[in-house]
Amino acid sequence: MAREIFTEEHEAFRDMVRSFIAKEIAPHHEQWERDGIVSREVWLAAGRQGLLGIEVPEEYGGGGNTDYRYYVVLNEELARAGVSGPGFAVHNDINGSYLLRLTNEEQKRRWLPGYCSGEIITAIAMTEPAAGSDLQGIRTTAIPDGDHYVLNGSKTFISNGILADLVIVVAKTDPDAGHKGVSLLVVERGMEGFERGRNLEKVGMHAQDTAELFFNDVRVPKENLLGEEGMGFIYLMQNLARERLSIGVSAQAGAEAAFEQTLEYCRTREAFGRPIGKFQHNRFTLAEMKTELTVTRAFTDECVDKESRGELSVEEAAMLKYWNTELLKRVVDRCVQLYGGYGYMTEYPIAKAYQDARIQTIFGGTTEIMKEIIGRSLL
């Protein structure tokens, strides 16, 4: 099926992104996998190429292009290449919305130029050891004290956590006010009492640094409050739809890449004197995957189009995140089976895809939470 949501300009951008990945990411990714972290140089290279802060106004160093489809192209190409190390989607799709929409003029001039150049790498700290999908259950506090907040607590599973120079921290500024007491604070590298724990060892996505963060009496200036005090929970709910769309887009592209690699393998790998794709069971498996991917592509592109027009609903984003990530998990599992023993060897990209896929149904809101959101909208 021809995709109708992209123009010639988008496809020219896609060619540039592919060249960037081939030059700046692919040659180094295996080493980053071993290191458990990417080089800061790739962030600076992405900044020079204009891949960070595409929607940020030019006066702050960005591309000045608010067309969300450019982020979609970037995310698709990273997923297709299987290069999960650079956390550009967290920086662009998630944190960019907060830093553009909630910052005042002084904050924009202080943070956005470095955000766009790659000199300032960002993270967002929501999840805690005892609070994942239930954001109202967070225990991190930021108690007002004069012209500062005193921040105490810990966060875990934070993408870009080791490299981050700027962390958007979800904390309770009024612990007795429930969700109305949640605020967003920007913690910067070097603040006294801000410490990083382990770079966590994960099943997959080994090159993506994922950290524990600790805040011990960190004095955060009130000038680092994002938006209004007590509005943090609402801000999170407003931005989560775009985060989930981003995850769904990458999942779809990753599933398509896994299928394409496996289809080629089935054409060339022989067993019992003929290509394995010639066996009826394998043909049916390929037919099932192709159909599921084609149907899902139509819904994915519809959601991208709606987001580009500012019309994507929370429920639609939840549907996309739930369906696409579960599809990715099913597709890579079936692809590994078609590869046979070779599919379990890490030298084959499908094995890495299998490792990287498992987390997709968990982060950004679990499949179960997505179903809850969808179900509540129906009743």
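Me: What makes Arg14 count as lying over the face of Phe6?
Reply: Arg14 is 5.0 Å from the ring centre of Phe6. The cut-off for the charged end is within 6 Å of the centre, and it also has to be within 35 degrees of the ring normal. Arg14 is listed as lying over the face, so the pair fits the rule. Keep in mind that this is a predicted model.

Me: And how do you know that the charged end of Arg274 sits over a ring?
Reply: Here the ring belongs to Phe279, and the charged end of Arg274 is 4.1 Å from its centre. Set that against the 6 Å limit and the distance part works out.

Me: Why is the pair of Phe13 and Tyr70 called what it is called?
Reply: The two ring centres are 5.2 Å apart, and the planes meet at 80 degrees. Centres have to lie within 6.5 Å to pair, and planes over 60 degrees apart count as edge-to-face. With both values on the right side, the pair is edge-to-face. By this rule you get 9 aromatic pairs.

Me: What makes Phe13 and Tyr70 a link between parts of the chain?
Reply: Phe13 sits in helix α1 (residues 8-25), while Tyr70 belongs to helix α4 (residues 69-81). They are 57 residues apart in sequence, so their pairing ties those parts together. Both Phe13 and Tyr70 are buried, too.

Me: Which kind of aromatic pair do Trp43 and Phe88 form, and how do you know?
Reply: Try the same check: 4.9 Å centre to centre, with 90 degrees between the planes. Over 60 degrees is the mark for edge-to-face, and that's what Trp43 and Phe88 are. This pair also links distant parts, with Trp43 in helix α3 (residues 40-49) and Phe88 in helix α5 (residues 88-101), 45 residues apart. Are Trp43 and Phe88 buried or exposed? Both are buried.

Me: Which residues make up the aromatic cluster with Tyr265?
Reply: Tyr265 shares one aromatic cluster with Tyr339, Tyr342 and Tyr348.

Me: What makes a set of residues a nonpolar core, and which have the most contacts inside the largest one?
Reply: The members must be buried nonpolar residues joined through side-chain atoms within 4.5 Å. The largest such core here has 36 residues, and Phe20, Ile25, Val42, Trp43, Phe88 and Leu245 have the most contacts inside it. Elements giving two or more residues to this core include α1, α3, α7 (232-268) and α9 (314-339). The top giver is α4, with 6 residues.

Me: How do you know whether Cys335 is in a disulfide?
Reply: Look at its nearest cysteine sulfur: that of Cys266, 8.0 Å away. A disulfide needs the two sulfur atoms within 2.5 Å, and Cys335 is in none. The whole structure holds 0 disulfides.

Me: Why is Cys335 called buried?
Reply: The limit is under 20% relative accessible area. Cys335 has 0%, so it passes. Cys303 passes as well, because its value is 1%.

Me: Is Lys329 buried or exposed, and how do you know?
Reply: Lys329 is partly exposed, with a relative accessible area of 25%. Buried would need under 20% and exposed over 50%, so Lys329 falls in between. You'll find Lys329 in helix α9.

Me: What makes the phi of Met205 worth a look?
Reply: It's near 50 degrees, a positive value in a residue other than glycine. Most residues other than glycine have a negative phi. Met205 lies in the loop between β6 (194-199) and β7 (210-221). At 14% relative accessible area, Met205 is buried. Asp217 has a positive phi too, about 55 degrees, and isn't a glycine either; look for Asp217 in strand β7.

Me: How do you know that strand β1 (residues 122-125) is covered on both faces?
Reply: Thr122 and Ile124 are on one side, Ala123 and Ala125 on the other, and all are buried. As for a partner, β1 runs parallel to strand β4 (residues 166-172), joined by 4 bridges. Two strands pair with at least two bridges, and 4 is what β1 and β4 have. In one of the bridges, Thr122 is partnered with Leu166 of β4.

How values were computed:
Residues are numbered from 1 along each chain as its sequence is written. This is a predicted model: local features need pLDDT of at least 70, side-chain atom pairs count only at pLDDT 80 or more; totals for chains, interfaces and linings use all residues. Side-chain values use heavy atoms; hydrogens and water are left out. Rings of Phe, Tyr and Trp (its six-membered ring) pair if their centres lie within 6.5 Å; planes under 30 degrees apart count as stacked, over 60 as edge-to-face and the rest as tilted. Buried means under 20% relative accessible area, exposed over 50%, partly exposed in between (1.4 Å probe, protein chains only).
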